[in-house]
Amino acid sequence: MTNKPQYSTQRFHWQPNKKILLLSLCLFPLLVTLGFWQLDRADEKQRILNQYNANQQAAPANATDLVDGANLQYRSAWLQGQLDSSRRLILDNRVKNGRPGYEILEALSIVGMPQKILVNRGWVPASLDRNRLPEIEPVTGTVQLRGALYQTLGGYRLDDGIGRVSEWPARVGWISAVRAEELFAEEFFSYQLRLDPDSAGALQTGWATVSVQPAKHTGYAVQWFVMALVLLIMTVIANSNLADRVTRH
């Protein structure tokens with residue numbers, strides 16, 4: 001018979017280890033928070049996919065449908081006008097299939113529309129020489145462009161230090177309709193047009209609607225919650241005689 005009743009395997013006893021408890025108190029809320037954050041990310045991505053599916057089923061928009069405040073995200077559009085190849089934006093740090101490159105953007109003028117539309121013609125590979133910008137075949141005359149309307153949803157923005165452009169083409173780290181107004185010193189519609197592969201002026205196109213699917217975020221959340229549960233169980237075992245009781249039985 002032991003002289004230390006707190007280690008008895010007949011009854012459960014709490015034997016706190018301050019260091020382990022402190023570590024667990026710090027880690028457990030963090031793991032749970034990360035789990036709920038991943039669930040929020042899954043909901044966000046699902047809302048984006050739902051919006052994409054709904055607007056993709058609508059009839060292609062034309063110039064008369066381009067109204068400020070309208071929900072046009074991911075909606076197909078057929079727009080006729082002229083592209084300004086003399087003032088071209090080269091969007092830096094665009095990776096496709098593991099290869100670095102650029103996306104090429106130009107301003108589209110539509111007759112009777114005071115605002116211009118930023119058109120993303122697609123991706124081109126980058127030269128090993130960073131000082132050498134890609135040479136792009138210009139689109140001349142009035143053309144009909146087909147693509148999907150897209151409004152920047154935020155994300156990482158590389159500070160390129162560029163304000164008003166003094167020399168074209170201009171290589172920039174990020175772009176939005178608001179920034180296009182600053183760079184071109186003209187008014188732009190709040191959505192850009194991302195060209196379809198078979199559209200006039202299209203380069204290498206194709207954009208992922210979401211970078212990570214909702215199910216994957218949900219899977220990450222489950223992993224964080226399981227880790228929190230395992231931590232809780234290990235904390236109880238490390239601070240009690242539960243392990244001795246289990247092995248004796």
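**Cores, rings and a long-running helix 1**

R194 lies over the face of Y150, at 3.6 Å from the ring centre; a charge counts as over a ring if NZ of Lys or CZ of Arg is within 6 Å of the ring centre and within 35 degrees of the ring normal. This is a predicted model, in which local features need pLDDT of at least 70 and side-chain atom pairs count only at pLDDT 80 or more, while totals for chains, interfaces and linings use all residues. Residues are numbered from 1 along each chain as its sequence is written, and side-chain values use heavy atoms, without hydrogens and water.

**Nonpolar cores**
- The largest nonpolar core (buried Ala, Val, Leu, Ile, Met, Phe, Trp, Tyr and Cys joined through side-chain atoms within 4.5 Å; buried means under 20% relative accessible area, with a 1.4 Å probe and protein chains only) has 19 residues, and L66, L79 and L108 are among those with the most contacts inside it.
- Strand 1 (76-96), strand 3 (117-125), strand 4 (142-150) and strand 6 (192-195) each supply at least two residues of this core, strands being DSSP runs of E with at least two residues.
- Apart from it lies another core of 13 residues, including A107, A170, L183 and F184.

**Aromatic rings**
- Ring pairs, with centres within 6.5 Å, link W168, F184 and F188 into a cluster.
- R179 lies over the face of W174, at 4.7 Å from the ring centre.

**Helix 1**
- Helix 1 (residues 18-56), a DSSP run of H or I with at least four residues, has 39 residues.
- Among the buried residues of helix 1 are L31, G35 and I48.

Notes. Buried < 20%, exposed > 50% of the residue type's maximum accessible area, 1.4 Å probe, protein only. Phe/Tyr/Trp six-rings, centres within 6.5 Å; stacked < 30°, edge-to-face > 60°. Expected span 1.5 Å × (residues − 1).
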